Amino acid sequence: SHQSTGIVEMVYHTYTANHSLKNNSNMKLPLIILSAALLARAAAVQKVCARQSRYNPSFMPRRHHVIAAFGNPKYYSNNFIRADKNGAELKVPKFDTFFDELQKVSPLVKQAIHEENPGGIAAIDDAADVYKWKNMERHPNRLISQVDKIDNFQNHGVPLIRVRSSLRGPSKQRGIYFSELISTTDLRHKWDATNNIVETIYNAADLDDIKRFQGDRYGEPVMFGVGYVKTKQSVVSPREQMTLCGVQNFPSGASTVWGVELEEDQNHLFPKDQTKRMPRSTSHLFAMTMIPTGEDTFDVEYVLQLDVGGLPGWLLGPVVTETVKKMFRFAEKYCESGFEEGGELAKRLAAFPDDEEESSLQKDDEPIDEACVLDENRALLMPP
């Protein structure tokens with residue numbers, strides 16, 4: 001049945017997540033139990049469908065829907081800005097509406113916007129949450145300190161996931177280099193084996209255009225653009241996404257990477273060489289916020305509501321959570337490499353100008369090194 005096929009697809013991802021944790025004995029057993037439970041559920045669904053078909057020849061199992069409504073129109077304005085190529089225009093979000101929602105689901109986004117000296121995770125009062133979250137994990141002394149979720153957030157049928165972590169890494173261009181973990185091909189492939197294509201379709205031609213629409217409340221826009229991602233063929237068929245995303249820097253040293261799926265009226269922006277449409281994954285809401293907690297330490301809060309081709313939320317939640325955790329495990333080592341001579345991140349940071357302001361606001365009489373500052377293969381996208 002189509003139901004059991006979808007379940008088996010998700011079991012496959014759960015298995016691969018379990019396999020990637022083969023050295024973590026504390027995590028193996030729960031994932032093995034989960035995989036067994038999912039297979040049992042698949043078998044039960046298949047049995048019910050077979051029985052229904054036998055007694056009712058006209059019975060057809062419900063197919064998982066292919067998402068038809070993508071970006072939420074409440075987040076989009078009717079304003080456009082110039083893109084950097086092909087005479088294209090990029091739709092501008094309603095910044096007040098979008099960031100108001102982000103502040104409700106992410107305390108670190110709220111800190112970044114409103115506080116001169118944000119306190120990070122230690123200063124969060126979960127009792128002050130606007131929405132009712134279900135705590136899934138709480139380990140203050142571990143890399144992943146907390147995982148929360150809201151099932152069926154805003155009636156999208158899939159959970160909103162919130163993951164918190166504390167890391168050590170250089171402060172220089174932190175918002176940019178941390179966003180590259182999910183937006184550059186080489187880094188993405190080191191922790192996300194399912195990714196096939198990650199590319200920028202368009203960047204804003206002039207970030208001053210964004211400033212005119214967002215105002216002064218939401219920091220300094222250092223990136224704004226549209227990206228495309230496609231996953232590989234595996235047990236699960238390929239999926240694709242097209243998202244509008246940006247990076248905001250704040251005077252405190254905080255940074256927020258944000259994103260939301262584009263609406264269908266923007267489908268003309270799909271890459272010209274990707275003519276065959278795939279089932280579409282949709283990021284209903286995404287934010288990743290970095291708050292400095294010391295000279296070389298910072299907290300991260302990752303919030304994501306992802307719909308993967310209509311797969312059921314009760315299966316999707318654990319898989320999305322584990323995917324985000326994999327990113328943080330890789331990020332821990334990658335960020336530390338920024339302090340090592342010849343380290344991967346150290347080499348990347350050497351490509352940026354020493355003056356952090358100049359990397360996002362170049363002086364009029366100075367040339368911009370496009371290869372260093374805005375790599376051609378950067379796309380602002382999110383897992384899985």
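In which strand is Q305 found? Q305 is found in strand β11. The model shown here is predicted, and the views below start from the whole protein and then close in on selected sites.

**View 1. The whole protein has 11 helices and 11 strands.** The protein has 384 residues, and buried residues make up 54% of them. Its accessible surface comes to about 17,700 Å². Carbon and sulfur atoms account for 50% of that surface. Among contacts with a separation of 6 or more, 67% are between residues 24 or more positions apart. A search of the whole structure finds 23 salt bridges. Some of these salt bridges appear in later views.

**View 2. Strand β11 pairs with β5 and with β10.** Strand β11 covers residues 297-308. Of its 12 residues, 11 are buried, so β11 is largely enclosed by the rest of the structure. Strand β5 (residues 160-168) pairs with β11 in the antiparallel sense, over nine bridges. On that side, R164 has E301 of β11 as its bridge partner. Strand β10 (residues 281-292) also pairs with β11 in the antiparallel sense, here over 11 bridges. A287 has V303 of β11 as its bridge partner. Between β10 and β11 runs a hairpin, which joins them through four residues.

**View 3. Q305 is a buried residue of β11.** Is Q305 buried or exposed? Its relative accessibility is 0%, and a residue counts as buried under 20%, so Q305 is buried. The side chain of Q305 reaches the backbone oxygen of F153 at 2.9 Å. F153 is also one of the residues in contact with Q305 beyond its neighbours within four places in sequence. That list includes H156, V158, P159 and L160. It also includes T282, S283, H284 and L285. V260 offers another reference point: its C-alpha lies 9.7 Å from that of Q305. In sequence, Q305 and V260 are 45 residues apart.

**View 4. D126, R138, R164 and E301 are linked in a network of salt bridges.** Within the network, D126 forms a salt bridge with R138. The closest N and O atoms of D126 and R138 are 3.5 Å apart. D126 lies in the loop between α4 (107-114) and β3 (134-138), while R138 lies in strand β3, so the pair ties together parts that are 12 residues apart in sequence. D126 is partly exposed, with a relative accessible area of 25%. R138 is partly exposed too, at 44%. The other two members of the network, R164 and E301, are also bridge partners in the pairing with β11.

**View 5. K74 and E101 meet in a salt bridge.** Their side chains come to 3.4 Å, N to O. What does the pair tie together? K74 lies in the loop between α2 (25-55) and β1 (76-82), and E101 lies in helix α3 (residues 95-105), so the salt bridge ties together parts that are 27 residues apart in sequence. K74 is partly exposed, with a relative accessible area of 34%. E101, by contrast, is buried, at 5%.

**View 6. K149 and D151 meet in a salt bridge.** The side chains of K149 and D151 come to 3.2 Å, N to O. D151 is partly exposed, with a relative accessible area of 47%.

**View 7. Helix α7 has its buried residues on the same side.** Helix α7 covers residues 207-214. Which of its residues are buried? They are L207, D209, I210 and Q214. These residues cover an arc of only 145 degrees around the axis, which puts them on the same side of α7. What covers them includes β1 and α3. It also includes β7 (220-231) and β8 (240-249). At the start of α7, a side-chain oxygen of D206 reaches to within 2.9 Å of the backbone nitrogen of D208. Just after α7 comes G215, with a positive phi of about 75 degrees.

Methods
Residues are numbered from 1 along each chain as its sequence is written. This is a predicted model: local features need pLDDT of at least 70, side-chain atom pairs count only at pLDDT 80 or more; totals for chains, interfaces and linings use all residues. Side-chain values use heavy atoms; hydrogens and water are left out. A salt bridge is a side-chain nitrogen of Lys or Arg within 4 Å of a carboxyl oxygen of Asp or Glu. Helices (H or I, at least four residues) and strands (E, at least two) are DSSP runs, numbered from the N terminus. Buried means under 20% relative accessible area, exposed over 50%, partly exposed in between (1.4 Å probe, protein chains only). The arc is that of the directions from the helix axis to the C-beta atoms. Contact means heavy atoms within 4.5 Å. A polar contact is a pair of N or O atoms within 3.5 Å; within protein, one must be able to donate a hydrogen and the other to accept it, and residues adjacent in sequence count only if both atoms are side-chain atoms. Two strands pair if DSSP finds at least two bridges between them. Accessible areas come from the Shrake-Rupley method with a 1.4 Å probe; for residues, only the protein chains shown count as cover.
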